[in-house]
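Visitor: I am new to this structure. Please take one part, the salt bridges, and look at it closely. Then show me what else sits on the strands involved.

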Amino acid sequence: MKGKLIVAFLLGICCCQSAPLWAADTYVKASTNYLWVRTEDVRFSPLALELAGGWYLQKQLALEFQASTGVKDSERVNIATALDYQLGLSLRFETPEVEGGQLYLLGGYGLTALDVDRNHSGRPGSLDYKGGTFGLGLQIRPEPSARYTVFLQGQRFFAKSGVSIDQLQLGVAYAF
């Protein structure tokens with residue numbers, strides 16, 4: 001599955017690089033993610049790495065593709081949880097940049113695949129969660145002419161039937 005994730009990300013990057021004429025700008029992002037996976041009675045916190053790419057449809061409105069994979073599992077009460085992959089497609093709405101800082105909102109659709117192992121039995125196995133996503137981020141441009149920004153972003157990827165999947169990201173973005 002990680003091979004499919006890498007292929008999906010590379011296709012996203014190719015789309016960003018060959019963006020149509022109406023796209024004003026493209027960007028890529030890399031981040032480390034801390035996830036909170038909550039069920040009715042247990043909480044897990046696997047770690048992940050994310051790569052994302054996006055292109056601006058117009059000023060302060062972008063379409064963003066996100067792809068994450070787990071790098072550290074989480075275990076609680078004889079249940080191990082690992083992030084297989086997480087994919088998302090979001091619209092990104094930005095405020096005007098003020099003194100190098102900018103807020104943005106994300107809204108879209110996401111898919112999260114978790115590998116859950118109860119008592120080292122291999123069951124229940126892979127669990128998929130999909131649905132609407134939303135988030136809020138802050139990005140800071142260290143110098144006015146810099147093409148890169150540092151960002152902090154929180155995003156909810158799933159919340160239904162007693163299960164919620166949230167993440168906090170810290171990363172770097174580069175605009176082409």
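Guide: What follows starts with the whole chain, moves to the salt bridges, and then visits the strands around them.

A word of caution first. This is a predicted model. Every value here is computed from it.

Start with the layout. The chain holds one helix and ten strands. Their order along the sequence is α-β-β-β-β-β-β-β-β-β-β. In other words, the helix comes at the start of that pattern, and the strands follow. The chain has 176 residues, and 44% of them are buried. Now take contacts between residues at least 6 apart in sequence. Of these, 56% join residues at least 24 apart.

Now the salt bridges. How many salt bridges does a search of the whole structure find? The search finds six. Three of them deserve a close look.

Begin with K29 and E64. Their side chains form a salt bridge, with N and O 3.1 Å apart. The two residues come from distant parts of the chain: K29 is in strand 1 (residues 26-38), and E64 is in strand 4 (residues 61-72). They stand 35 residues apart. Are these partners buried or exposed? The cut-off for buried is under 20% relative accessible area. K29 has 4%, so K29 counts as buried. E64 has 0%, so E64 is buried as well.

E64 has another partner. The side chain of E64 also meets R92 in a salt bridge, at 3.5 Å from N to O. Strand 4 holds E64 and strand 6 (residues 79-94) holds R92, so this pair ties together parts of the chain 28 residues apart in sequence. R92 has a relative accessible area of 3%, so R92 is buried. Shared partners turn these bridges into a network, which joins K29, E64, R92 and E94.

Next comes a salt bridge between D166 and R38. The closest N and O atoms are 2.8 Å apart. This pair also links distant parts: D166 is in strand 10 (residues 163-175), and R38 is in strand 1. The two are 128 residues apart. Their exposure can be checked against the cut-off for buried, which is under 20%. D166 has 11%, so D166 is buried. R38 has 23%, so R38 counts as partly exposed.

E94, from the network, also leads to a pocket. The largest pocket has a volume of about 310 Å³. Its lining has 20 residues, and those closest to its centre are Y56, E94, Q102, Q139 and R141. Strand 3 (47-58), strand 6, strand 9 and strand 10 each give two or more residues to that lining. Which strand gives the largest share? Strand 10 does, with three residues.

Strand 10 also matters for the surface. A nonpolar patch there is formed by Y34, Y148, V150, L152, L168, L170, V172, Y174 and F176. Together these residues have about 780 Å² of accessible area. Strand 9 (148-160) and strand 10 are the elements that give the patch two or more residues. Strand 10 gives the most, with four. Y174 is in strand 10. With 37% relative accessibility, Y174 is partly exposed. For the chain as a whole, the accessible surface comes to about 9,500 Å². Carbon and sulfur atoms account for 63% of that surface.

Return to strand 6, where T81 lies. T81 has a relative accessible area of 2%, so T81 is buried. What does T81 touch, beyond neighbours within four places in sequence? Its contacts are F44, P46, D73, S74, L114, D115 and V116.

Finish with two loops. Q60 is in the loop between strand 3 and strand 4. Q60 is not a glycine, yet its phi is positive, at about 70°. Its relative accessible area is 25%, so Q60 is partly exposed. E99 is in the loop between strand 6 and strand 7 (101-118). E99 is not a glycine either, and has a positive phi of about 50°. At 83% relative accessibility, E99 is exposed.

Technical notes. Residues numbered from 1 in each chain as written. Predicted model: local features only at pLDDT ≥ 70, side-chain atom pairs only at ≥ 80, totals over all residues. Heavy atoms only, no water. Salt bridge = Lys/Arg side-chain N within 4 Å of Asp/Glu carboxyl O. Buried < 20%, exposed > 50% of the residue type's maximum accessible area, 1.4 Å probe, protein only. Contact = heavy atoms within 4.5 Å. Areas by Shrake-Rupley, 256 points an atom, 1.4 Å probe, with all protein chains shown as cover. Patch = residues over 30% accessible without salt bridge, like charges linked within 9 Å, V, L, I, M, F, W, Y side chains within 5 Å. 1 Å grid on protein atoms, 1.4 Å probe; cavity = no way out; pocket = protein on both sides within 12 Å on 5 of 7 lines; lining within 4 Å. Points joined across faces, edges and corners; volume = space filled by probe spheres on them.
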